[in-house]
Number of protein chains: 2
Amino acid sequence: MITKLFIVDDHYMVIEGIHALLQHEKNIEWVGHAMNASSCMAFLQQQLPDIILMDINLPDTSGIELCKTVKEKYPSVNVVALSTFNQQSFIKKMIENGASGYLLKNASTKEMLECIEMTMKGKSYFSFEAAQTLRYQPDDEIILTLREKEVLALIAEGLTNPEIGKRLFISTTTVDSHRKNILTKFNVKNTAALIHAAVKKGFL
Amino acid sequence: MITKLFIVDDHYMVIEGIHALLQHEKNIEWVGHAMNASSCMAFLQQQLPDIILMDINLPDTSGIELCKTVKEKYPSVNVVALSTFNQQSFIKKMIENGASGYLLKNASTKEMLECIEMTMKGKSYFSFEAAQTLRYQPDDEIILTLREKEVLALIAEGLTNPEIGKRLFISTTTVDSHRKNILTKFNVKNTAALIHAAVKKGFL
DNA sequence: CTGCTTATCCCCCTTTTAGGTGATTTTATC
DNA sequence: GATAAAATCACCTAAAAGGGGGATAAGCAG
């Protein structure tokens, strides 16, 4: 069985690299590539591949959004996320949006082939490191409510509690409560450490 | 004249991609690759290439550090930075550490060849976007003193002014002064916005 | 229905920041 | 040796943040 493979990545070198690594594989057909989200969608209107290797960082839309759109319109297409970052939040988001796997860009040919094979069998595949991230860091997962995320974003913008209150049409004391809860969830004791941690964990 | 090319990048796909893109170039000799800083240094003890394409993000040392070390030990070797990020601070730092050029990973083959050619002629080459970043954003360049960088790092860790003072053996009021100067330089009005901006600009 | 989470609100009090203004010493540079 | 930049220290005031406590209403799941 021949797997039709499509790639979305804005880096020419990566596209060429994957192409070079897989060109001698007989059961993989290279149906094309796109360097941004919109040309990817345009391609899919004409032909559906079996697997899309999709970079998370794209110039127009993020891979996380593109993945969602693709899976909604073409549920039969398997999406495998392709990324440099081994960040838990990204991995989680891609899975939520229907990705079948997560491949880091430092993956070997063997890993790539395994990933394609597994995906075609309907199973999930995650790069070793990505899998470890998901497995061994369950406790540092931070779940914020919608409101908390809003507040956090406004804090990062530099707004004070009274300003945030006005913006969200709630009392200053409420903002204060949210803020304290966020600090507790991140296990930090002030705003500086909070913003730093929030960025590192992909919230900002 | 044949250019001896060496690559340092922790992503197998990128190495293969560049290899694929340049393998038919007759005046470029592919002398090898390394996937981290230490094996790069080990290679250089045996053979010196003309140009090193060096990723900024490496697993052990950062490319910025590696560039410095390489140029100190082997000044004849030209280092071209290779990166996904079009961030001013990184570009600036690489130049300061002796890099001859800055190539973005979405560069075309033509750009790569141009870059190699220019570098061999002793000139600098910067990807179009990287050059624009340097040219059109001169005013948002933020220059911090050594002390200010130290203080900023400790603020990001979540230390308060008294704590920072103890750590650096200076008075709390001095820390306060530094802190105010940093806020002014970043043109922000509180810690939250400061940390956010500092991360975006590559200080943290 | 009961417990749980979310979102809302309020109080007290202490510490920390931020804005303003000013000054001294060290260090590097011309 | 003069000049400029960096680093140091100080005082005042007001605003904001953080730590503690507690309360209520709405919505949801077992």
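Student: What makes the pairing of Arg179(B) with DNA strand C a polar contact?

Tutor: In this predicted model, an N or O atom in the side chain of Arg179(B) is 3.0 Å from a phosphate oxygen of DNA strand C. A polar contact is a pair of N or O atoms within 3.5 Å, so this pair qualifies. (Within protein, one atom must also be able to donate a hydrogen and the other to accept it, and residues adjacent in sequence count only if both atoms are side-chain atoms.)

Student: What joins Thr174(A) and Asn161(B) to DNA strand C?

Tutor: A side-chain N or O atom of Thr174(A) is 2.8 Å from a phosphate oxygen of that strand. For Asn161(B), a polar backbone atom is 3.2 Å from a phosphate oxygen of DNA strand C.

Student: Why is Thr145(A) called near DNA strand C?

Tutor: A residue is near a strand if one of its heavy atoms lies within 4 Å of it, and Thr145(A) is among the 18 residues around DNA strand C, so the name applies. Sugar and phosphate account for 70% of the atoms of DNA strand C within 4 Å of the protein.

Student: How is the surface near DNA strand C divided by class?

Tutor: It has 4 nonpolar, 10 polar and 4 charged residues. Asp, Glu, Lys and Arg count as charged; Ala, Val, Leu, Ile, Met, Phe, Trp, Tyr, Cys and Pro as nonpolar; the others, Gly among them, as polar.

Student: How are the residues numbered, and which atoms are used?

Tutor: Residues are numbered from 1 along each chain as its sequence is written, and chains are lettered from A. Side-chain values use heavy atoms, without hydrogens and water, and side-chain atom pairs count only at pLDDT 80 or more.
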